[in-house]
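This report concerns a ligand and the pocket around it. The sequence and structure are shown first.

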Amino acid sequence: MKKKGIFITFEGPEGSGKTTQIQAAAVYLKKRGVPVLLLREPGGTTVGEACRAIVLEARHKHMSPRAELLLYLAARAQIVDEKILPALAKGTWVLCDRFEDSTRAYQGYGRGLDKKMIDAGSLIARGKLQPDLTILLDIPPRLAFKRIGRRDRMEKAPLAFHERVRRGFLDLAHRYPRRFKVVDAALSKEALALKIFSELEKQIAGRKGSHGL
Ligand code: TMP
């Protein structure tokens with residue numbers, strides 16, 4: 001399937017306001033006449049939501065990090081085949097709340113799983129698909145958890161784990177500066193949204209003509 005739409009991912013720790021911002025971004029793009037599909041990971045499909053329920057269940061305290069990795073990858077393989085690739089082939093822009101960078105940050109930097117093993121699994125899950133743009137909402141975990149508390153199995157991991165995850169995201173942004181845009185999630189909701197909209201405008205300007213906008 002040939003990719004005609006744009007694939008944009010939103011990444012960042014829990015409590016960064018990612019979900020509110022991605023929803024605002026979808027509304028903004030629709031108003032600008034862009035066909036949009038909003039998805040979340042893990043989830044977005046029946047199979048993916050089932051994986052999500054297993055992996056986030058707080059009672060599953062003793063889940064092996066490799067089992068955790070495989071559940072996230074299974075959810076990804078399903079959403080890529082069932083939702084993302086068909087939408088991109090139609091020219092729809094796909095906004096996804098988390099994608100592969102979350103796996104690198106959480107299972108790699110956070111859990112300490114081998115990077116090569118994660119990359120090999122990732123290739124099975126996403127094939128050649130890569131985001132065109134990744135918006136990273138950066139925030140210190142201490143501040144983020146003050147906003148939302150700790151509810152699910154991942155949020156209940158120690159603060160040091162979440163500090164490593166944050167460092168992981170920032171390392172990835174440093175390594176792929178053309179794909180990543182880092183925004184300060186401690187800003188007000190409105191200020192943050194304006195920064196994100198200006199990134200979306202750049203994508204629209206870049207694609208004018210080629211996507212019938
Ligand atoms: P959410 O709270 O943003 O919906 O994300 C669900 C949780 O799953 C969050 O704690 C991050 C975690 N996660 C991973 O650990 N690895 C992954 O690959 C993905 C997509 C999410």
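The sections below treat the ligand site, the pocket and two backbone features of this predicted model.

## Ligand environment

In the predicted model, the shell around the ligand consists of 14 residues. The closest of them are E14, Y72, R98, T103 and Q107. Sorted by class, the shell holds six charged residues, five nonpolar residues and three polar residues.

The ligand sits in the largest pocket. Three elements each give two or more residues to the shell, namely α2 (46–56), α3 (65–90) and α4 (100–110). Among these contributors, α4 gives the most, with four residues.

## Polar contacts and coverage

Contacts between ligand atoms and side-chain N or O atoms involve T103, Q107 and R76. For T103, an oxygen atom of the ligand is 2.6 Å from a side-chain N or O atom. An oxygen atom of the ligand is also found 3.2 Å from an N or O atom in the side chain of R76. On the side of Q107, the ligand atom is a nitrogen, at 2.8 Å from an N or O atom of the side chain.

The ligand on its own has 470 Å² of accessible area, and the protein covers 94% of that area.

## The largest pocket

The space in the largest pocket amounts to about 670 Å³. Its lining comprises 32 residues, and those nearest the pocket centre are K18, T19, R52, D97 and R98. Elements that give two or more residues to this lining are α1 (18–31), β2 (36–40), α2, α3, α4 and α6 (141–148). The largest share, five residues, comes from α1.

By class, the lining has 12 charged, 11 nonpolar and nine polar residues. R98 belongs to the residues nearest the centre of this pocket, and R98 is also among the residues closest to the ligand.

## Backbone features

Most residues other than glycine have a negative phi, and most peptide bonds are trans. Which residue has a positive phi although it is not a glycine? R98 does, with a phi of about 80 degrees. R98 is located in the loop between β3 (93–97) and α4.

A second backbone feature concerns a peptide bond. The bond from E41 to P42 is cis, with omega near -10 degrees. P42 lies in the loop between β2 and α2. Both β2 and α2 are among the elements that give two or more residues to the lining of the largest pocket.

Conventions
Residues are numbered from 1 along each chain as its sequence is written. This is a predicted model: local features need pLDDT of at least 70, side-chain atom pairs count only at pLDDT 80 or more; totals for chains, interfaces and linings use all residues. Side-chain values use heavy atoms; hydrogens and water are left out. A residue is near a molecule or strand if one of its heavy atoms lies within 4 Å of it. A polar contact is a pair of N or O atoms within 3.5 Å; within protein, one must be able to donate a hydrogen and the other to accept it, and residues adjacent in sequence count only if both atoms are side-chain atoms. Accessible areas come from the Shrake-Rupley method with a 1.4 Å probe; for residues, only the protein chains shown count as cover. On a 1 Å grid over the protein atoms alone, a cavity is a set of points where a 1.4 Å probe fits but cannot get out, and a pocket is an open set with protein on both sides within 12 Å along at least five of seven lines; lining residues have an atom within 4 Å of a point. A molecule sits in a cavity or pocket if more than half of its atoms lie within 2 Å of its grid points. Ala, Val, Leu, Ile, Met, Phe, Trp, Tyr, Cys and Pro count as nonpolar, Asp, Glu, Lys and Arg as charged, and the others, Gly among them, as polar. Grid points are joined across faces, edges and corners, and a volume is the space filled by probe spheres set on the points.
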